[in-house]
Amino acid sequence: MTERLHKLLAQAGLGSRREVERWIAQGWITVNGKVAKVGDQAGPDDEIAIQGRPVTVESPDLRVLAYHKPEGEVSTRSDPEGRVTVFDHLPRLRKGRWISVGRLDINTSGLLLFTTDGELANRMMHPSRQMEREYAVRVLGEVDPAVIQRLQEGVTLDDGEARFDEIREAGGTGANHWYHVVLREGRNREVRRLWESQGVTVSRLIRVRYGPVELDQGLRSGRWRELAPDEMKRLYSELDLKWKRPRKPARIARPPGTRRLPRQ
């Protein structure tokens, strides 16, 4: 049985559908020695290679990691400047590879999800799903209620109109004030640009939730944990995907001691 090549490779955990489509368009993938084209189909018996390296299309175990990204790490698989990347601390896989669900810029910390399931990554990031992203934002100075209203009604950025679906005050002391904001897009630096459009300076930004997955209070910066079966079941169900319980229990990389999020 054959399937669209980009779907087949995504299911094998080799990349998201969007990534694989880009590789095909760039001529990086061959099927049975011929350069593949967008829309081609392939199956388990075909010889598939990416940049000359043979790959297997056997599906890996379905896994999702919640990673607490520190500030200073870049959301790329490798960095020409030699900086630490978000992939450097992840567990090694015998089959497939880790696919990042979205990105966080170098100055943003918090929840970043990784999965071996390219179809899951594609659905979570696809604009049609409109999955909520929630951030804790520390800003400098008082924020006028009129600003909050404009940010929820919508403002024009250089790449179109944007807005927060929800803004909640979360306390603060002195010149610092915390807010929790929710939006359903993943545009580049969108949270910071929304606040900056109103002349408000963001001094700290932490992603605390992506869809139904929350950042654990006890998960230290730079550490990861594997989603438990009940979390996986809920996530797959929300995305209308089938999930099969793994044979081995999920692992949690949680060192002794805790490091709580900043007071808000």
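The following legends describe an overview and several close-up views of a predicted model.

**Figure 1. Overall fold of the predicted chain.** The chain contains 6 helices and 17 strands. Its radius of gyration is 20 Å, close to the 18 Å that the globule rule gives for 264 residues, so the chain is as compact as a globular protein of that length. The C-alpha trace spans about 65 × 45 × 40 Å along its principal axes. Of the 264 residues, 47% count as buried. Among contacts between residues at least 6 apart in sequence, 65% join residues at least 24 apart. The exposed area of the chain is about 14400 Å², of which carbon and sulfur atoms supply 44%. The mean positions of the 47 positive and 38 negative charges are 5 Å apart.

**Figure 2. Strand E15 and its pairing with strands E9 and E10.** Strand E15 covers residues 202-210, and 7 of its 9 residues are buried, so E15 is largely enclosed by the rest of the structure. Strands of a sheet pair through backbone hydrogen bonds, either parallel or antiparallel. Strand E9 (residues 109-115) runs parallel to E15 and is joined to it by 2 bridges. Strand E10 (residues 133-140) pairs with E15 in the antiparallel sense over 7 bridges. Isoleucine 206 of E15 stands opposite serine 109, and alanine 136 likewise stands opposite isoleucine 206.

**Figure 3. The hairpin of strands E15 and E16.** Strand E16 (residues 213-214) runs antiparallel to E15, and 2 bridges join these strands. Arginine 209 has glutamate 214 in E16 as its bridge partner. The hairpin has 2 residues between the strands, and glycine 211 takes a positive phi near 60° there.

**Figure 4. The surroundings of phenylalanine 114.** Phenylalanine 114 lies in strand E9, the strand that runs parallel to E15. With a relative accessible area of 0%, phenylalanine 114 is buried. Leaving aside residues up to four places away in sequence, phenylalanine 114 touches Arg63, Val64, Leu65, Tyr67, Val86, Phe87, Leu90, Trp98, Ile99 and Ser100. Alanine 170 is 56 residues from phenylalanine 114 in sequence, and their C-alpha atoms are 28 Å apart in space.

**Figure 5. An open sheet of 4 strands.** The strand order is E3-E2-E5-E6, and the pairing is antiparallel. Strand E3 (34-35) and strand E6 (53-55) stand at the edges with a single partner strand each, so one side of each is left without a neighbour in the sheet. Strand E2 (residues 29-31) and strand E5 (residues 48-50) run antiparallel and are joined by 3 bridges. Threonine 30 has alanine 49 in E5 as its bridge partner.

**Figure 6. Positive phi at glutamine 130.** Glutamine 130 lies in the loop between helix H3 (118-125) and strand E10. Its phi is near 50°, a positive value in a residue other than glycine. The relative accessible area of glutamine 130 is 44%, and the residue is therefore partly exposed. The strand that follows this loop, E10, is the one that pairs with E15 over 7 bridges.

**Figure 7. Positive phi at arginine 189.** Arginine 189 is found in the loop between strand E14 (176-183) and helix H5 (190-196). Although arginine 189 is not a glycine, it has a positive phi of about 55°. With a relative accessible area of 35%, arginine 189 is partly exposed.

Key: Residues are numbered from 1 along each chain as its sequence is written. This is a predicted model: local features need pLDDT of at least 70, side-chain atom pairs count only at pLDDT 80 or more; totals for chains, interfaces and linings use all residues. Side-chain values use heavy atoms; hydrogens and water are left out. The radius of gyration is taken over C-alpha atoms; the globule rule is 2.2 Å times the number of residues to the power 0.38. Buried means under 20% relative accessible area, exposed over 50%, partly exposed in between (1.4 Å probe, protein chains only). Contact means heavy atoms within 4.5 Å. Accessible areas come from the Shrake-Rupley method with a 1.4 Å probe; for residues, only the protein chains shown count as cover. Lys and Arg count as positive and Asp and Glu as negative; His and the chain ends are not counted. The place of a charge is taken as NZ of Lys, CZ of Arg, CG of Asp or CD of Glu. Two strands pair if DSSP finds at least two bridges between them.
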